[in-house]
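User: Please take me through this structure term by term, setting each value against the rule behind it.

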Amino acid sequence: MVVLTFYSTYFALTAEKVVRAAGLSGKLIPVPRQISTSCGTALRLEEAEVDTALQLLHGAGVEVSGVHHLP
Amino acid sequence: MKVYLDNSATSWPKPEVVYQAVDRFAREIGANPGRSSYESALESGRVLLEARTLLAELFHAPNPSSIVLAFNATDALNMAIKGLLEPGDHVVTTSMEHNSVLRPLTGLARRGIIDFTIVPADNQGRIDPEQVAAAIKDNTRLIAVNHVSNVVGTIAPVKEIGQIARDRGVTFLVDAAQSAGNTVIDVQEMNIDILAFTGHKALLGFQGTGGLYLRPGIVLKPWREGGTGSLSELDTQPEFLPDRLEAGTHNAHGWAGVVAGIKYILAIGVEEINAQEWALTQRLLAGLAEIPKIQVYGPDSSVRRGPIVSFNISGADGGQVGYELAERYGIMTRTGLHCAPHAHKSLGTFPEGTVRLSLSHFTTEEEIDYTLKSLADLVSILT
């Protein structure tokens with residue numbers, strides 16, 4: 001599982017919209033405790049989707065504050 | 001018969017879908033946006049995202065992150081004016097401004113922080129862009145212009161002034177309180193750097209909603225600071241938008257209504273709404289011209305204006321006219337100075353003011369005709 005974190009909820013919600021529109025699995029979740037971050041909402045993705053998702057988010061102007069690979 | 005002609009104060013009624021959206025939000029969602037990750041909190045956040053997305057589409061803004069949500073146009077204008085200006089700055093504004101621009105500027109000037117020049121309109125409320133250009137000084141940081149007059153509906157030459165601002169390197173702020181939703185606004189084509197709007201007038205939502213479009217690159221100091229749900233470990237306001245400017249709980253159910261209002265507007269088309277309102281305004285102007293002793297202010301009746309008409313009955317007090325219209329005929333208007341004293345000075349109606357009739361998308365020909373008949377009757381009674 002991969003978790004993307006964001007500076008603001010605005011970016012988290014936009015990220016969900018962008019990846020879902022592309023048919024990816026993105027789901028918004030509370031930021032896992034082991035990740036120290038700024039905004040309380042993170043986007044959970046499958047490992048295989050991460051590269052595509054990051055490209056899409058970059059194209060949409062969404063700033064990602066962290067990419068966390070979790071067991 | 002009840003006729004509501006005070007839509008410039010706040011529009012009423014709202015589209016049925018707006019009532020439904022607010023009711024649904026209140027009953028089924030309710031949660032605070034941007035603070036938690038359970039589904040209804042996310043759904044609440046999605047309402048705000050949809051509001052930003054639709055507002056960006058409506059104003060032809062480059063992306064939803066250029067939209068900042070506030071509580072009304074006054075809140076948004078204070079955010080822009082107090083967030084942008086620095087000590088020693090000069091501002092060019094016009095006599096057609098609402099007190100929501102004039103009072104923040106006057107307050108800053110009285111405290112010795114800025115100074116400003118008021119470009120006078122003519123007696124039809126028209127601003128000459130050349131006079132705006134001539135008022136720019138070396139230290140002019142901002143030009144602030146009301147798009148559509150809340151007193152007489154006169155439309156300011158926003159695109160021309162925007163070009164002047166761009167050429168001279170001055171930030172251009174447009175107050176779209178009366179125009180957002182019923183008049184085509186393209187912030188890029190009009191060279192608008194900051195647009196202030198309200199949700200409860202022509203956007204057909206409820207009170208407690210407003211905001212700014214900020215051209216990417218425009219940096220405002222936060223005017224309101226506090227909780228954002230982000231960077232909560234820090235004692236200082238986050239630097240990034242929209243959190244930088246959006247401290248405190250949003251009016252989420254209000255935005256649910258504005259979302260429904262903008263969808264309703266976009267389905268019909270802003271140009272179509274504008275054409276309908278202009279046709280009704282022309283019907284009203286033509287009828288008023290037929291009634292003796294009524295003087296109408298503002299642009300010539302052939303010149304397109306916002307759906308706002310101000311008049312007086314010679315020999316009668318405006319406040320009494322408004323009272324009699326409500327009491328005898330059920331017609332709701334606004335009398336006096338409309339929070340725009342300098343506009344009335346330009347029009348020659350200060351300090352007594354005018355009686356204002358302001359229309360909306362829901363005003364009907366029948367209501368206009370009833371109002372005209374009632375006014376003819378009232379003139380014969382009062383004079």
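User: What makes a residue part of the contact between chain A and chain B, and how many residues does each chain give?

Analyst: Two residues are in contact if their C-beta atoms, placed from the backbone, lie within 7 Å, and the contact takes 15 residues from chain A and 15 residues from chain B. On the side of chain A that touches chain B, helix 1 and strand 2 (27-30) each supply at least two residues, and helix 1 of chain A gives the most, with five residues. Helices (H or I, at least four residues) and strands (E, at least two) are DSSP runs, numbered from the N terminus. The model is a predicted one, in which local features need pLDDT of at least 70, side-chain atom pairs count only at pLDDT 80 or more, and totals for chains, interfaces and linings use all residues. Residues are numbered from 1 along each chain as its sequence is written, while chains are lettered from A and ligands numbered from 1 in the order in which they are written.

User: How are the residues on the side of chain A that touches chain B divided by class?

Analyst: That side has seven nonpolar, seven polar and one charged residues, where Ala, Val, Leu, Ile, Met, Phe, Trp, Tyr, Cys and Pro count as nonpolar, Asp, Glu, Lys and Arg as charged, and the others, Gly among them, as polar.

User: Why are helix 1 and helix 2 of chain A called oblique to each other?

Analyst: Helix 1 (residues 9-21) and helix 2 (residues 50-59) of chain A pack at an angle of about 120°, with their axes 10 Å apart; axes are lines fitted to C-alpha atoms, for helices over the stretch in contact, and angles run from 0 to 180 degrees between N-to-C directions. Angles under 35 degrees count as roughly parallel, over 145 as roughly antiparallel, 65 to 115 as roughly perpendicular and the rest as oblique, and helix 1 and helix 2 of chain A are therefore oblique. In this pairing A:Ala15, A:Val18 and A:Val19 of helix 1 meet A:Ala53, A:Leu56 and A:Leu57 of helix 2, a contact with six nonpolar, no polar and no charged residues.

User: How do you know that B:Ile67 is buried, and where does B:Ile67 sit?

Analyst: A residue is buried if 20 or more other C-beta atoms lie within 10 Å of its own, exposed if 12 or fewer, and partly exposed in between, with C-beta atoms placed from the backbone. B:Ile67 has 26 such neighbours and therefore counts as buried; its place is in strand 2 (residues 67-70) of chain B. Leaving aside neighbours within four places in sequence, B:Ile67 is in contact with B:Arg52, B:Leu55, B:Ala56, B:Ala61, B:Gly211 and B:Tyr213.

User: Why is B:Pro15 also given a burial class, and which one?

Analyst: B:Pro15 counts as buried because 21 C-beta neighbours lie inside 10 Å, and B:Pro15 is found in the loop between strand 1 (3-4) and helix 1 (16-29) of chain B. Beyond four places in sequence, the contacts of B:Pro15 are with B:Leu204, B:Ala260, B:Gly261 and B:Tyr264.

User: How do you know whether the radius of gyration of chain B agrees with that of a compact globule?

Analyst: The radius of gyration is taken over C-alpha atoms, and the globule rule is 2.2 Å times the number of residues to the power 0.38. With 383 residues, the rule gives a value near 21 Å, and chain B has 21 Å, so the two agree. The C-alpha trace of chain B spans about 70 × 55 × 35 Å along its principal axes, and buried residues make up 53% of the 383 residues.
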